[in-house]
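Please open the model in a viewer and keep the selection tool at hand. The tour below proceeds from one selection to the next.

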Amino acid sequence: MTAGLPNRRPLLSLADLSPEEITDVGEIAFRYGQAPESFAGRMAGTRVGLVFTAPSTRTRTSFWSAALTLGCDVLHLGQADLQVSTGETWSDTGAMLANHLDVVVARTNGPRRDLAELAVHVPATIDALTYEEHPTQAIADLCAMREHFGDVEGLRLAYLGEVNNTARALALLVCQLPFRSLDVYSPDGSGFSAKEIESLNAIRGEEIVRQHHEVPATPDPVDAVYTTRWQSMSAARHDQDWLSRFAGFKVTKELMHRFSGSSEVVFMHDLPAVRDQEVTSDVLDGNSVTSLVQRQAYHKASAAAAALLWTSGVSS
């Protein structure tokens with residue numbers, strides 16, 4: 001086993017980390033993103049299990065890439081490979097995995113409590129997306145913004161569309177670090193609950209997150225506009241008219257200009273995208289505005305490496 005593993009700890013939610021810890025993880029990620037080769041072999045011999053019971057393109061590939069660079073031995077486990085598909089509990093699964101793995105990276109689309117059960121047995125358990133949150137996506141976003149703006153202090157963000165695990169991670173990031181604000185624009189019933197807004201704003205004791213149910217003709221200007229897929233995790237919608245409720249939140253070149261103040265607003269998306277549904281292709285691809293989307297995707301490996309190092313207690 002790699003030196004430092006006795007200090008293993010889980011990364012299940014940004015809410016569990018202090019602002020200083022989030023800053024530390026973000027710093028590791030940023031340095032990795034600038035020079036991945038300088039981290040080569042830092043976790044040589046560490047046994048990492050990628051437990052992905054839900055589809056993933058970027059996150060799974062990024063964790064594999066980062067783990068390989070760090071020198072880890074990687075095991076891939078899918079839905080069909082696990083007895084949880086036949087009724088075994090996550091706790092019993094974790095007890096078995098603890099005999100053979102040092103770190104578990106898990107994506108389930110299910111409740112975070114499943115990973116909390118795993119973490120009892122494998123302390124270095126990383127949430128690679130659960131129903132509630134996508135913490136490593138927020139770290140990738142942090143890297144992309146720091147790379148573009150130089151610093152995140154005072155940045156104003158707007159998030160458009162359905163509040164999902166990415167939105168919750170982003171909100172926690174904004175409230176824990178010195179961003180100025182996050183304006184959330186969602187159809188009524190698709191945003192944060194009043195209790196969530198209250199809890200987020202209590203972190204710094206001021207109104208950081210504001211929620212709106214329509215985009216006005218002249219919204220408050222921001223530095224970045226962020227959106228995600230309107231159908232999170234491909235969940236079926238029972239409301240046949242749901243697309244019409246979301247139509248006003250589609251990110252277009254014209255909408256980007258409405259959000260621009262004294263400086264050009266940039267576009268962000270966690271991917272995958274449904275082109276010309278939540279965002280037009282010219283915005284997504286950066287043909288009509290500045291898009292950070294590909295840098296966000298690149299930095300998913302940066303975030304993965306930082307999560308692996310931090311949860312394992314390995315010096316970075």
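In which loop does Asp276 lie? Select Asp276 in this predicted model: the residue lies in the loop between E9 and H10. Its backbone deserves attention, since Asp276 has a positive phi of about 65° although it is not a glycine. With a relative accessibility of 47%, Asp276 counts as partly exposed, because that class lies between the 20% limit for buried and the 50% limit for exposed residues.

Remain in this loop and select Leu271 together with Pro272. The peptide bond that links Leu271 to Pro272 is cis, and its omega is near 5°. Pro272, too, belongs to the loop between E9 and helix H10 (281-284).

**The six-stranded sheet**

Next, display the strands on the N-terminal side of that loop and their partners. An open sheet of six strands can be followed in the order E7-E6-E5-E8-E9-E10, with parallel pairing. Strand E7 (209-212) and strand E10 (290-291) occupy the edges; each has a single partner strand, so one side of each is left without a neighbour in the sheet.

Now select strand E8 (residues 224-227) and strand E9 (residues 266-269), which run parallel and are joined by four bridges. As one point of reference within this pair, Tyr226 stands opposite Met268 in E9. Then add helix H5 (residues 135-149), which packs on the sheet and touches strand E5 (156-160), E8, E9 and E10. The direction of H5 makes about 160° with that of E9.

**The loop before H5**

From H5, move to Leu129, whose place is in the loop between E4 and H5. What is the sign of phi at Leu129? Phi is positive there, about 135°, although Leu129 is not a glycine. Leu129 has a relative accessible area of 7% and is therefore buried, the limit being under 20%. To connect this site with a later stop, draw a C-alpha to C-alpha distance from Leu129 to Phe192: the two are 63 residues apart in sequence and 18 Å apart in space.

**The four-stranded sheet**

Select E4 and the strands that accompany it. Here an open sheet of four strands has the order E2-E1-E3-E4, again with parallel pairing. Strand E2 (73-78) and strand E4 (125-127) are at the edges with a single partner strand each, so that one side of each is left without a neighbour in the sheet. From one strand to the next, the twist averages 20°.

Strand E3 (residues 103-107) merits a selection of its own. On one side, E3 runs parallel to E4 and is joined to E4 by three bridges; the bridge partner of Ala106 in E4 is Asp127. E3 also pairs in the parallel sense with strand E1 (residues 47-52), over five bridges. In that pairing, Gly49 stands opposite Val104 in E3.

How many of the five residues of E3 are buried? Five of the five are, and the strand is mostly covered. In a regular strand the side chains alternate between the two faces of the sheet. In E3, Val103, Val105 and Arg107 point one way, whereas Val104 and Ala106 point the other way, and all are buried.

**A glycine in H3**

Select Gly94, which is found in helix H3 (residues 90-97). Gly94 is buried, with a relative accessible area of 0%. Apart from neighbours within four places in sequence, Gly94 is in contact with Leu118, His121 and Val122. Glu117 is 23 residues from Gly94 in sequence, and the two are 7.2 Å apart in space, C-alpha to C-alpha.

**The second largest pocket**

For the final stop, select Ser13, Ala15, Arg112, Glu132, Glu133, Arg168, Leu172, Phe192, Glu196, Ser199, Leu200 and Ile203, which line the second largest pocket. Its volume is about 220 Å³. Which elements give two or more residues to this lining? They are helix H6 (165-176) and helix H7 (194-202), and H7 gives the most, with three residues. Colouring the lining by residue class shows five nonpolar, two polar and five charged residues. Phe192, the far end of the distance drawn from Leu129, is one of the lining residues.

Note on methods: Residues numbered from 1 in each chain as written. Predicted model: local features only at pLDDT ≥ 70, side-chain atom pairs only at ≥ 80, totals over all residues. Heavy atoms only, no water. 1 Å grid on protein atoms, 1.4 Å probe; cavity = no way out; pocket = protein on both sides within 12 Å on 5 of 7 lines; lining within 4 Å. Points joined across faces, edges and corners; volume = space filled by probe spheres on them. Nonpolar A, V, L, I, M, F, W, Y, C, P; charged D, E, K, R; others polar. Pairing = 2+ DSSP bridges. Axes fitted to C-alpha atoms, helices over the stretch in contact; angles between N-to-C directions. Contact = heavy atoms within 4.5 Å. Buried < 20%, exposed > 50% of the residue type's maximum accessible area, 1.4 Å probe, protein only.
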